[in-house]
There are 2 protein chains.
Amino acid sequence: MHPLKQLMYPSSLAFYGASNNPLKMGTMQLANVLGTGYQGKVYPIHPTESEVLGIPAYKNIADVGAPVDLAQLTLPTEVVPQALDECGKAGIRRAVVISGGFKEAAGDRGGQLEQEIKEIANRHGIRFLGPNCVGIFNSLCSLNSTTIPRPPMGGKIALASQSGAYTAMINPLLRSQGIKICQTMSVGNEADIDLADCLEYLRDEPEVKAIGLYVETIRRPRAFIEAARETVRKKPVVAIYVGGTEAGSRSSMSHTGALTGPDEVYDGLFRQAGVMRADDIDQMLDLLWAFAGQPLPPGGRMAVITNSGGPGTSLSYHIEKEGLSVPVFSPELSERLDAVTGRLAFVRNPIDLTFEANLLLFKQLLEIVFESGEVDGAFLYGIFGWPEFMVNLEKRLPDIKEIEETWEANYVEFLKQLAGVPEAYGKPLIVMSFIGAGSTSISPLTEHDVPVFPSASRAARAMRALLAYRNIRDS
Amino acid sequence: MHPLKQLMYPSSLAFYGASNNPLKMGTMQLANVLGTGYQGKVYPIHPTESEVLGIPAYKNIADVGAPVDLAQLTLPTEVVPQALDECGKAGIRRAVVISGGFKEAAGDRGGQLEQEIKEIANRHGIRFLGPNCVGIFNSLCSLNSTTIPRPPMGGKIALASQSGAYTAMINPLLRSQGIKICQTMSVGNEADIDLADCLEYLRDEPEVKAIGLYVETIRRPRAFIEAARETVRKKPVVAIYVGGTEAGSRSSMSHTGALTGPDEVYDGLFRQAGVMRADDIDQMLDLLWAFAGQPLPPGGRMAVITNSGGPGTSLSYHIEKEGLSVPVFSPELSERLDAVTGRLAFVRNPIDLTFEANLLLFKQLLEIVFESGEVDGAFLYGIFGWPEFMVNLEKRLPDIKEIEETWEANYVEFLKQLAGVPEAYGKPLIVMSFIGAGSTSISPLTEHDVPVFPSASRAARAMRALLAYRNIRDS
């Protein structure tokens, strides 16, 4: 069993550094463990409190008197070694060391302490994440040990990151788009477990369909390349790298004690590893979202279905800019589409329905183009923000409420049906819309794994990545 | 007076094509006119209804018996010429022709009809937007004649667009970021008023600080370049162009009847005109947002203030990637910062406060670096989503409510103070945060014109644009 398996699915958890002081990081983390639905045993270890956040606390780990799978340590730097040693003596073999002040700190002391905890861990056979990290999240056992509440649970995306913020602070961004995450690992200074280990572990996690990495340095390049190459045969890996400039490198040194390298070196390393590089966190999430929910396109020929000219033109432009094509449909296919739409001139690709809100039509057209064999994937623009659309009409035409209710029920149902088309045909669908995932006009799509992007360029880039990964996987 | 002035600030409005049928586009538009706070007179023209949406309707424009500044026509294509002629006879001199089916339609008939309405307009001295457009929005007179309710009113950004969607459908995107818009013009087929006219008009609108254009074609290149060159001496113009690929061009032809040109030609045209080109709508809005709210940086030296290593490193990396610099502070400046933070090693740029939520500190540090003369602008990461942060703690520590209330009041106050620093020092501030504008942790910033971006690359790109425009304006 991979060492991370026990760490990510602990059946019991000892917690150092939580108290009843709400302004302490450890307290916030424990509150999140207790508030996210984790079903394992939780043992706060506290020198003086008998209860922490309403559950019994223990003076020492030795007092727990039951086996413990994982310890999380959110303690002042200087006391971490002793606590870790006590964990080892109590039989704990996995740990998450949140505390900072180790190798990333100025002066020699931090480096010495990091060496010390490595030796202690080694002696006891403890494998650990950190130090200088923010904790873990695993929706599959409802465990959130980070400082941030309400991670968007579910989904098929995993993140392993040398920045805690890029695993936990991004929650509001994820929620606003409707992206869900199933596992995150903040690896911090990587004194023990590093990104290569995370890849090895995530490779065999069946629920994980796409892996994202935030990278300031690769500490074991050969191991990383090996782990990644084997991983990308099974699932895509996307990375962002931000160590490759002078200030990026300087910042990284004081962040995770990482020695960085030039952009080109990392580009080469990622290419060798089969890892796709994204420009930044938003772009990485875009790609992971597409990977997690959509089939890979057999080729680069794309259909564009729209009910508005500007987005249709923008999509066509950006699809071609990304090296994919928007082929003119055959007369036969155009005729089949015309039979549905009655608008022959507007169905040669893009298909422009102009101000049409009938989603059933969208679904029919999508099925026809997928069935034709003339395209390998499709883009759709044309989801109206139905409830939003009506706010001023409602004030003037009260009868409209009834129409709306029928409409809304149909709308949700049609969106669900639409979301099922890609899988049925083994071809990807990417939706463009300016409406966020908070709207019921969009959530039925995002809940069924159809990615929705607010711009044509982002939609097109995600589709290109799907094709690029197919080539990586099959090469 | 520029012809668009009367069109955008009409004191009375005749409305063709609205009825009591909620599924008609004209009805939706009239509902929005009536629901957005417009104070002018509104006269629905309808052949049979005596009331439309609860206000008196008129059989003919001649029956109105009062002067009318503007007519909006949302009618079947074939009846537009006659209606426009009647408007002319009734003394109306400005119009918005929403109806499609003109030059953009297949076959000769549409082109003929477009020629016809041009001649009618000419004969009466009518200046008009469209045909094939979605209407106008002007927050300065609370007029929204588009199909989409709830435009984000206010702000200093104006949009002129050959796509209706890119002026009206983007509302939810704007709201999710906290971006406000003061005027939008959907120009459609540009049978009369075109983008060059819009630039001439917007140049002299004092509330407009930044102009965005969606371009599928430039119909009068020389006039456009002339209008733009004079405009960019006063305010920045950002454009997206999507006609430059084969499918983009094909789609554009059936969208607005536009003949497009290769990307390089348009790049050259924009350069000559002093217009900055953005990749897509999201990027264009990013730049406009920064322009609308922040002073231009005197140079490219940037400070990074953060409470988290990853975003600090990412910002540093992307700032340098954009050709700006993140200079190491002088020992004197570092000492001044250390006196505030007590963390000398972490204040040499980036300034990394590590998990610090004290916004008063952020403000102090920002003032110190701006005052030092060592930087020309600053980036900040570190706004906590305060209410969100507490959800699990609240369940366990009910007393926390009190702390929270004090905190929240202070937080909002500190954010307001922070938002005032750029103007006080004449140097721009760009904030990076994963929290959306819906949160009270962010809205005090966006309401005070500080742009907030969810990624380092977007933040850095917007700052580069501020500097680039300074060079355009001063050259």
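Two residues are in contact if their C-beta atoms, placed from the backbone, lie within 7 Å. The structure is a predicted model, in which local features need pLDDT of at least 70, side-chain atom pairs count only at pLDDT 80 or more, and totals for chains, interfaces and linings use all residues. Residues are numbered from 1 along each chain as its sequence is written, while chains are lettered from A and ligands numbered from 1 in the order in which they are written.

**Exercise 1.** Determine how many residues chain A and chain B each bring to their contact, and characterise the side of chain B.

*Solution.* Step one: chain A contributes 78 residues and chain B contributes 78 residues. Step two: on the side of chain B that touches chain A, helix α12 (residues 309-321) gives the most, with twelve residues. Helices (H or I, at least four residues) and strands (E, at least two) are DSSP runs, numbered from the N terminus. Step three: this side of chain B comprises 36 nonpolar, 30 polar and twelve charged residues. Here Ala, Val, Leu, Ile, Met, Phe, Trp, Tyr, Cys and Pro count as nonpolar, Asp, Glu, Lys and Arg as charged, and the others, Gly among them, as polar.

**Exercise 2.** Establish the strand order of the open five-stranded sheet in chain B, and explain why β2 and β7 stand at its edges.

*Solution.* Step one: the order is β2-β1-β5-β6-β7, with parallel pairing; two strands pair if DSSP finds at least two bridges between them. Step two: β2 (41-45) and β7 (127-129) of chain B each have a single partner strand, so one side of each lacks a neighbour in the sheet. Step three: β1 (residues 12-16) of chain B joins β2(B) through five bridges in the parallel sense, and S12(B) lies opposite K41(B) in β2(B).

**Exercise 3.** Identify the domains of chain A and describe how domain 2 of chain A meets domain 3 of chain A.

*Solution.* Step one: the assignment, automatic or from a database, gives domain 1 (3-129), domain 2 (150-293) and domain 3 (302-474) of chain A. Step two: the centres of domain 2 and domain 3 of chain A, taken over C-alpha atoms, are separated by 30 Å. Step three: 15 residues of domain 2 of chain A are in contact with 20 residues of domain 3 of chain A. Step four: on the side of domain 2 of chain A that touches domain 3 of chain A, α11(A) supplies the largest share, seven residues. This side divides into eight nonpolar, five polar and two charged residues.
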